[in-house]
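Me: I'm new to this structure and would love a close look at one part of it. Could you walk me through the place where the two chains meet, and then a little of what lies inside one chain?

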There are 2 protein chains.
Amino acid sequence: MDVPSLVASAREGSPRAVARLISLVEDASPALREVMALLAPHAGHARVIGLTGSPGVGKSTSTSALVAAYRRRGMRVGVLAVDPSSPFSGGALLGDRVRMQEHATDAGVFIRSMASRGHLGGLSWATPQALRVLSAAGCDVVLVETVGVGQAEVEIASLADTTLVLLAPGMGDGIQAAKAGILEVADVFVVNKADRDGADQVVRDLRYMQSLGTQSPSQAKVEGKWVAPIVKTVAAKGEGADEVVDRIEQHGEWMREHGVLDQRRRRRAADEVEAIALTTLRERMGDLRGGDALERLAARVVAGETDPYSAADELVDAL
Amino acid sequence: MDVPSLVASAREGSPRAVARLISLVEDASPALREVMALLAPHAGHARVIGLTGSPGVGKSTSTSALVAAYRRRGMRVGVLAVDPSSPFSGGALLGDRVRMQEHATDAGVFIRSMASRGHLGGLSWATPQALRVLSAAGCDVVLVETVGVGQAEVEIASLADTTLVLLAPGMGDGIQAAKAGILEVADVFVVNKADRDGADQVVRDLRYMQSLGTQSPSQAKVEGKWVAPIVKTVAAKGEGADEVVDRIEQHGEWMREHGVLDQRRRRRAADEVEAIALTTLRERMGDLRGGDALERLAARVVAGETDPYSAADELVDAL
């Protein structure tokens with residue numbers, strides 16, 4: 001199938017066409033230029049919700065519960081699991097996978113895992129492109145699920161309109177949250193497994209940490225800053241999912257009112273455009289003088305005939 | 001002091017001038033262009049030895065023992081500790097610091113910790129510049145010490161002529177080594193604390209893992225591949241340090257014979273020149289159209305009027 005037909009099929013909601021397009025994204029296919037040009041007018045429709053948290057907090061169960069909650073509201077939902085250890089890409093418990101399968105036959109749900117194999121810019125580059133595909137395919141909401149380990153979650157958070165940080169009792173998450181800078185990243189906190197001992201303590205810890213910020217919650221509200229609400233859920237029973245969706249909607253309203261949504265999306269687009277431009281420039285530098293301009297300059301640096309700054313100037317001037 | 005005088009003082013071995021120059025590197029000072037241009041003819045003298053390993057294997061004690069071994073051979077030595085948790089930058093045991101102080105009054109030794117505060121490219125960018133300073137100041141050898149955690153150590157290894165990977169008994173290092181790709185990084189393995197139980201097991205584990213590689217050690221030798229030797233040391237008593245230095249020298253000989261040294265250094269210089277060139281280009285993109293070219297393009301991407309690839313092309317064409 002040629003690219004325009006593939007894009008047309010995806011626009012009509014064909015799961016196979018969507019899957020093929022996301023594979024092109026994963027593989028950083030040269031066809032992506034054409035794909036993205038065709039998708040552009042339809043690419044900004046979906047709300048992007050990031051889900052992150054340590055292993056064991058119940059991310060995929062929560063994702064599943066949120067999918068169900070959105071479906072009850074008649075919305076089309078995409079799920080993008082961007083971590084190799086995620087159940088969707090085969091690394092985790094069978095129980096979770098079975099759980100997600102209740103949505104597998106629902107035509108209003110696209111579920112897709114994504115790896116960054118061979119992708120120059122990694123997932124931070126592939127994810128926004130996959131989001132465009134899902135948005136153009138008619139998804140009203142895309143849930144981006146990622147394991148919260150260090151840098152990756154901050155990157156994914158920067159790709160989402162609203163970021164949910166999941167925690168659970170008995171995991172020392174409070175301290176971890178403070179460490180990993182999760183506090184700044186979260187738009188909504190979800191304390192899952194709230195029927196277990198210690199859930200209220202997690203909520204108290206979070207409130208305390210929020211109060212330690214430069215602003216108190218009440219002050220912050222006055223000054224128009226969003227204070228991440230804390231929602232308790234028991235995702236395995238679907239409890240709390242509707243409230244999480246309500247909070248996400250509230251956050252969306254707040255962002256629109258304050259111009260934050262557009263600002264976040266422009267920031268994301270700017271990062272993406274810059275990354276692509278730098279890659280183009282890098283390739284051009286690599287191609288200069290039959291491909292060995294950089295090697296010649298490097299040899300002169302090693303020989304002490306020039307310094308790296310002057311060599312870089314020469315390279316830039318030659319472009 | 002103006003830059004030429006500062007460079008001249010550093011060339012004469014003034015510790016204060018060397019310290020000032022490395023501070024300029026840490027701060028990514030605009031004066032670096034001039035500094036690096038003046039240093040260029042003298043910047044490639046020193047052999048660069050990377051030291052890496054998990055916390056607790058005795059990195060700073062080993063560094064100190066190696067400094068002593070090199071000093072006995074009449075060589076001038078630089079030590080660059082590029083990790084914030086390193087004793088040299090104040091994060092570790094007092095005992096280690098005291099140990100290093102035996103060299104603190106030796107005019108033939110420069111000891112310097114380095115942070116990457118505010119440095120755009122992080123330590124991978126600052127380190128080669130600091131190495132140039134130490135080389136120009138007359139160091140024959142520079143030991144670059146870094147904690148071996150994930151990506152950082154691979155980056156540092158790529159900056160060194162010869163990389164030592166330190167292990168110690170009872171730390172599960174064998175498995176860690178295999179995991180972190182340390183095997184590919186190591187030019188010499190040092191099993192420290194060799195007077196403790198389990199040291200021979202660490203050596204056997206390493207040999208076993210080496211044998212699992214695509215080539216057996218004997219085959220590898222025939223085909224001209226370097227097989228990292230394994231040296232047992234008790235750094236706290238200085239035992240084994242001379243053998244480590246011998247092995248480093250052998251590796252140097254081998255690299256010169258096989259053209260590997262020049263190849264590694266050119267690769268490093270090429271990476272450095274490319275990184276500087278990309279930074280320059282990025283700054284120029286940021287300055288386009290009074291600084292808002294990227295923002296305007298991003299707004300058009302968000303509005304669905306263009307796609308990121310076409311926007312990136314516009315940006316590149318405008319340069």
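How many residues of chain B are in contact with residues of chain A?

Reply: Happy to help! Please keep in mind that this is a predicted model. To your question: 40 residues of chain B are in contact with 40 residues of chain A. On the chain B side, the elements that each give two or more residues are helix H3 (32-39), helix H13 (260-287), helix H14 (293-302) and helix H15 (308-318). Of these, H13(B) gives the most, with 15 residues. If you sort the chain B side by residue type, you find 26 nonpolar, five polar and nine charged residues.

Now let's see how the two copies are arranged. A turn of 180° with a shift of 0.0 Å along the axis lays chain B on chain A, with an RMSD of 0.0 Å. The two copies are therefore related as by a two-fold rotation axis. To find that axis from chain B, look for B:Leu278, whose C-alpha is the nearest to it in that chain, at 3.5 Å. Both copies use the same surface, since 100% of the contact residues of chain B recur in chain A.

Next, let's step inside chain B. A good place to start is strand E1 (residues 47-53), where seven of the seven residues are buried, so the strand is largely enclosed by the rest of the structure. B:Arg47, B:Ile49, B:Leu51 and B:Gly53 point one way from E1(B), while B:Val48, B:Gly50 and B:Thr52 point the other way. This fits a general pattern: in a regular strand the side chains alternate between the two faces of the sheet. Here the residues pointing either way from E1(B) are all buried.

E1(B) also has a partner, strand E5 (residues 162-167) of chain B, and the two pair in the parallel sense over four bridges. To see one link, find B:Ile49, whose bridge partner in E5(B) is B:Thr162.

One last stop is B:Val190, in strand E6 (residues 188-191) of chain B. B:Val190 counts as buried because 29 other C-beta atoms lie within 10 Å, where 20 or more are needed. Leaving aside neighbours within four places in sequence, B:Val190 is in contact with B:Ser62, B:Leu164, B:Leu166, B:Val231, B:Thr233 and B:Val244. For a sense of distance, try B:Ala269: B:Val190 and B:Ala269 are 79 residues apart along the chain, and their C-alpha atoms are separated by 28 Å.

Methods: Residues are numbered from 1 along each chain as its sequence is written. Chains are lettered from A and ligands numbered from 1 in the order in which they are written. This is a predicted model: local features need pLDDT of at least 70, side-chain atom pairs count only at pLDDT 80 or more; totals for chains, interfaces and linings use all residues. Copies are superposed by least squares on the C-alpha atoms of residues with pLDDT of at least 70 in both. Two residues are in contact if their C-beta atoms, placed from the backbone, lie within 7 Å. Ala, Val, Leu, Ile, Met, Phe, Trp, Tyr, Cys and Pro count as nonpolar, Asp, Glu, Lys and Arg as charged, and the others, Gly among them, as polar. A residue is buried if 20 or more other C-beta atoms lie within 10 Å of its own, exposed if 12 or fewer, and partly exposed in between; C-beta atoms are placed from the backbone. Two strands pair if DSSP finds at least two bridges between them.
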